[in-house]
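The following exercises concern one protein chain and are to be worked with the sequence and the coordinates at hand. Each task is followed by a solution in steps.

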Amino acid sequence: MRRLPALPLLACLLLAACNGAPPPASSAAVVPAADPAQAVLAASQRFAALRSFHAELELLGAPQPVRSSMDFVAPDRFRVQTPAGAQTIIGDTLFLQADGAIRQVPAPAGLLEQWRNPLPVDALPADLQAEDLGDQLLDGVQTRHYRLRGTQPGERLEYWLDAQGLPRQLVRSGSSNGRSFQLRLRYSRFNDPALRVDLP
């Protein structure tokens, strides 16, 4: 299996984008896919098709735990809420807000596209060492739990998929610069028409 891609903090907050999938049911039973790798790949494709979502991020293993949140609205609007304040990305422009002022700077080319999916864009089921860990209740939602193993010791990516085959939670575990970390993303408000990201 190829190495799972690194997920820098801002990039972790930018794990998605564009265009349309049905809103998930919150209480339906999950029907597991026959192939765990195919289930995870299909979930990543559905996730990339969402029109909007909210994400909560928690990073453990840094000198201090990091908690942030993000709202996404298609086709290209992101609002990232960090301990330092809110930042907005619209298209290829990053609106930096600090000391009561707003500064516009170019967002790196391809930044959002690169992080629409935590898996390589050309990943195939044969590339993934995936296993089905069974049903699990997550915040009152019935999910199916899957684990993908990386090539490095302790490296893994876990998915909790709901009845619509969308990820309710992703957990990435590994090490960086000799320090172990765990990054958790929880998703909600899929395709919520009330979710907005306005110009700052």
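**Exercise 1. Overall composition**

What percentage of the 200 residues of the protein chain count as buried? Determine also which secondary structure elements the protein chain has.

*Solution.* The model is a predicted one.

Step 1. Of the 200 residues, 47% count as buried.

Step 2. The protein chain has 3 helices and 11 strands. Along the sequence these elements follow the pattern α-α-β-β-β-β-β-β-α-β-β-β-β-β.

Step 3. Contacts between residues at least 6 apart in sequence are then considered; 57% of them join residues at least 24 apart.

**Exercise 2. Topology of the sheet**

In what order do the 11 strands of the open sheet stand, and why is one side of strand 6 and of strand 7 left without a neighbour in the sheet?

*Solution.* Step 1. The strand order of this open sheet is 6-5-4-3-2-1-11-10-9-8-7, and the pairing is antiparallel.

Step 2. Strand 6 (101-106) and strand 7 (129-138) stand at the edges; each has a single partner strand, so one side of each lacks a neighbour in the sheet.

Step 3. On average, neighbouring strands of this sheet are turned by 20° against each other, with direction ignored.

**Exercise 3. Strand 2 and its partners**

Describe how strand 2 pairs with strand 1 and with strand 3, and state how many of the residues of strand 2 are buried.

*Solution.* Step 1. Strand 1 (residues 52-60) and strand 2 (residues 66-73) run antiparallel and are joined by 8 bridges. The register can be read from two positions: Ser52 stands opposite Val73, and Glu58 has Arg67 as its bridge partner.

Step 2. Strand 2 pairs with strand 3 over 5 bridges, again in the antiparallel sense. Here Asp71 stands opposite Arg79, and a hairpin through 3 residues joins strand 2 to strand 3.

Step 3. Because 7 of the 8 residues of strand 2 are buried, this strand is largely enclosed by the rest of the structure.

**Exercise 4. Strand 9 and the following hairpin**

Which strands pair with strand 9, and which residue of the hairpin of strand 9 and strand 10 takes a positive phi?

*Solution.* Step 1. Strand 8 pairs with strand 9 in the antiparallel sense over 6 bridges. Within this pairing, Arg144 stands opposite Leu161.

Step 2. Strand 9 is also joined to strand 10 by 6 bridges, and the two run antiparallel. Leu170 in strand 10 is the bridge partner of Tyr159.

Step 3. The hairpin has 5 residues between strand 9 and strand 10, and Gly165 takes a positive phi near 75°.

Step 4. Strand 9 is mostly covered, with 5 of its 6 residues buried.

**Exercise 5. The nonpolar core and the aromatic rings**

Which residues have the most contacts inside the largest nonpolar core, and which residues do ring pairs link into a cluster?

*Solution.* Step 1. The largest nonpolar core has 33 residues, and those with the most contacts inside it are Phe53, Leu119, Leu148, Tyr159, Tyr187 and Phe190.

Step 2. Among the elements that give two or more residues to this core are helix 2 (36-48), strand 8 (141-149) and strand 11 (179-188). Helix 2 supplies the largest share, 6 residues.

Step 3. The count of aromatic pairs is 5. Phe47 and Phe53 form one that is tilted, at 5.1 Å centre to centre with 40° between the planes. Phe47 and Phe53 are both buried.

Step 4. The cluster linked by ring pairs consists of Phe47, Phe53, Phe72, Phe78 and Tyr187.

**Exercise 6. Two individual residues**

Are Arg168 and Val105 buried or exposed, and what do their side chains or neighbours show?

*Solution.* Step 1. Arg168 lies in strand 10 (residues 167-176). Its relative accessibility is 15%, below the 20% limit, so Arg168 counts as buried. The side chains of Arg168 and Asp162 are joined by a polar contact of 3.0 Å.

Step 2. Val105 belongs to strand 6. Because its relative accessibility is 18%, Val105 likewise counts as buried.

Step 3. Leaving aside residues up to four places away in sequence, Val105 touches Asp92, Thr93, Leu94 and Leu96. Val105 and Asp92 are 13 residues apart in sequence, with a C-alpha to C-alpha distance of 8.7 Å.

Notes
Residues are numbered from 1 along each chain as its sequence is written. This is a predicted model: local features need pLDDT of at least 70, side-chain atom pairs count only at pLDDT 80 or more; totals for chains, interfaces and linings use all residues. Side-chain values use heavy atoms; hydrogens and water are left out. Helices (H or I, at least four residues) and strands (E, at least two) are DSSP runs, numbered from the N terminus. Buried means under 20% relative accessible area, exposed over 50%, partly exposed in between (1.4 Å probe, protein chains only). A polar contact is a pair of N or O atoms within 3.5 Å; within protein, one must be able to donate a hydrogen and the other to accept it, and residues adjacent in sequence count only if both atoms are side-chain atoms. Two strands pair if DSSP finds at least two bridges between them. Axes are lines fitted to C-alpha atoms, for helices over the stretch in contact, and angles run from 0 to 180 degrees between N-to-C directions. Rings of Phe, Tyr and Trp (its six-membered ring) pair if their centres lie within 6.5 Å; planes under 30 degrees apart count as stacked, over 60 as edge-to-face and the rest as tilted. A nonpolar core is a set of buried Ala, Val, Leu, Ile, Met, Phe, Trp, Tyr and Cys residues joined through side-chain atoms within 4.5 Å. Contact means heavy atoms within 4.5 Å.
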